[in-house]
Amino acid sequence: MNDTRSAILDALADGPVSGPALADRLDVSRNAVWKHVEALREAGFEVESSEAGYRLAGVPEYSGPAVEYGLDAPFSVEYHDAIGSTNDRARELAAEGATDVAVLADEQTGGRGRLDRKWEGPSGGVYVSLLVRPDVPPAHAPLLTLAGAVAVTRAAREAGVDAEIKWPNDVVVADESTERGGRKLTGILTEMEGEADRVTWVIVGIGVNANVPSERLPADATSVQAEVGPVDRRAFVQRLLETFDELRADPDAILPAWREHAATLGQQVRVETPDGTVEGEAVDVAVPGALVVDTDDGRVRVHAGDCDHLRPA
Ligand code: BT5
């Protein structure tokens, strides 16, 4: 959001302020104050005016300015009511040189999963792609996927959902009756571009089934709405961005946080990897996100694949 507009919102949060006082405080003309207030109203902020001055009476429910307002993380938010894929849009922004942008949509019509799979994106979800430029080698980029999973899990738990992380990139709600040991609440698709020793950009694309009825989702999927009722998506996204920002600033904290929220550790797993099937007990996660599995033939590290949690024999 424009700096002057966010300064106006900050000023109005403490009670009524007159137009001339605002103009003085922000060092702009009264006419400029009026124009900014009109723009804020157009963006959905309820700015009341009375003799005492302007007062903030309401914040829009879900939009770019709404998520930016009160956000304690340095992301600008580009919001779309509907879009093909937020990752595709973030790639365009990456090509233009942007960074620290969150592309956010209410509905996604061409959402992508891993390996050319589709991601269903009905209206009411949280579809967000975080474009960042960390100063790390490409091999470390997968850590950001784990940071994304931790961020979603924390936001979902705060909303009352019993969410946990399933390696490598799913957030699920445990359910013994399902094939894979849980109903999928979230998927993450991370994409990047880089040189041998340093990434140019990373996009962490996160799809959360938020206020979506389960009938609109694939079998074995769930949503925040189906688990506990609708969630305030503005607060949810803010929490997600804030946790992600905290973790990217402190990469050493990512694996411990991931372990704390993981469903996969201690489980018997079967992982379909590009090099074949690995079966055994998942015992740990290692930098930059490999699953450590104790198999009959010894300990192995799996870097990519689809993981099933097996029921105990
Ligand atoms: C993923 O792939 O789980 C990554 C999904 C990433 C989606 C986000 S939304 C924002 C950003 N923009 C994009 O275009 N993508 C990202 P994968 O592990 O391959 O899982 C895909 C599989 O999950 C599908 O084949 C379905 O079986 C299942 N699936 C599809 N839509 C789902 C949904 N809404 N909820 C739960 N499961 C779903």
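The following paragraphs lead through a predicted model of one protein, from its overall form to its domains, its core and some of its charged pairs.

The protein contains nine helices and 15 strands, and the domain assignment divides the chain into domain 1 (3–58), domain 2 (64–260) and domain 3 (268–309). Along its principal axes, the C-alpha trace spans about 75 × 45 × 30 Å. A compact globule with 313 residues would have a radius of gyration near 20 Å, and because the protein has 22 Å, its value agrees with that expectation. Of the 313 residues, 51% count as buried, while the surface that the protein exposes comes to about 14,600 Å², with carbon and sulfur atoms supplying 44% of it. Contacts can also be sorted by how far apart the partners stand in the sequence: among those between residues at least 6 apart, 58% join residues at least 24 apart.

How far apart are the centres of domain 2 and domain 3? Taken over C-alpha atoms, these two centres are separated by 23 Å, and the contact between the domains takes 16 residues from domain 2 and 17 residues from domain 3.

The interior comes next. In soluble globular proteins, nonpolar side chains tend to be buried together. In this model the largest nonpolar core has 59 residues, and the members that touch the most other members are Val 126, Ile 206, Phe 236, Leu 241 and Phe 244. Helix α6 (residues 142–158) gives the largest share of this core, namely 10 residues, and the core draws at least three residues from each of domain 2 (64–260) and domain 3 (268–309). Phe 244 can serve as an example of such a core member: if residues up to four places away in sequence are not counted, its contacts are Phe 75, Leu 130, Val 132, Leu 144, Ala 147, Gly 148, Ala 151 and Val 204.

Helix α6 also holds Thr 153. Is Thr 153 buried or exposed? Its relative accessible area is 0%, and therefore Thr 153 counts as buried. Leaving aside neighbours within four places in sequence, the residues in contact with Thr 153 are Ala 163, Glu 164, Ile 165, Val 171 and His 261.

Charged side chains give another view of the structure. Side chains of opposite charge can pair when their charged atoms come close. The count of salt bridges in this model comes to 21, and three of these pairs can be followed one by one.

In the pair formed by Glu 38 and Arg 41, the side chains meet in a salt bridge with an N to O distance of 2.8 Å. Both residues lie in helix α3 (residues 30–42), where they are three residues apart, about one turn of the helix. Glu 38 counts as partly exposed because its relative accessibility is 26%, and Arg 41, at 29%, is likewise counted as partly exposed.

A second pair is found in helix α8, where Asp 245 forms a salt bridge with Arg 248 and the closest N and O atoms are 2.9 Å apart. Because Asp 245 and Arg 248 are three residues apart in helix α8, about one helical turn separates them. Asp 245 has a relative accessibility of 18% and so counts as buried, whereas Arg 248, with a relative accessible area of 23%, is partly exposed. Helix α8 (residues 233–248) also contains Glu 246, which counts as partly exposed because its relative accessibility is 48%. Computed along the chain, in other words by sequence, Glu 246 is 52 residues from Gly 194, and in space the two are 23 Å apart, C-alpha to C-alpha.

The third pair is Asp 284 and Arg 259, whose side chains meet in a salt bridge at 2.7 Å, N to O. This pair links distant parts of the chain, with Asp 284 in strand β12 (residues 276–286) and Arg 259 in helix α9 (residues 254–261), 25 residues apart. Asp 284 is counted as partly exposed because its relative accessibility is 25%, and Arg 259, at 34%, is counted as partly exposed too. Elsewhere, salt bridges that share partners join Asp 88, Arg 91, Arg 112 and Glu 191 into one network.

Key:
Residues numbered from 1 in each chain as written. Predicted model: local features only at pLDDT ≥ 70, side-chain atom pairs only at ≥ 80, totals over all residues. Heavy atoms only, no water. Helix = DSSP H or I, 4+ residues; strand = E, 2+ residues; numbered from the N terminus. Buried < 20%, exposed > 50% of the residue type's maximum accessible area, 1.4 Å probe, protein only. Salt bridge = Lys/Arg side-chain N within 4 Å of Asp/Glu carboxyl O. Core = buried A, V, L, I, M, F, W, Y, C linked by side-chain atoms within 4.5 Å. Domains from an automatic or database assignment. Contact = heavy atoms within 4.5 Å. Rg over C-alpha atoms; globule rule 2.2 N^0.38 Å. Areas by Shrake-Rupley, 256 points an atom, 1.4 Å probe, with all protein chains shown as cover.
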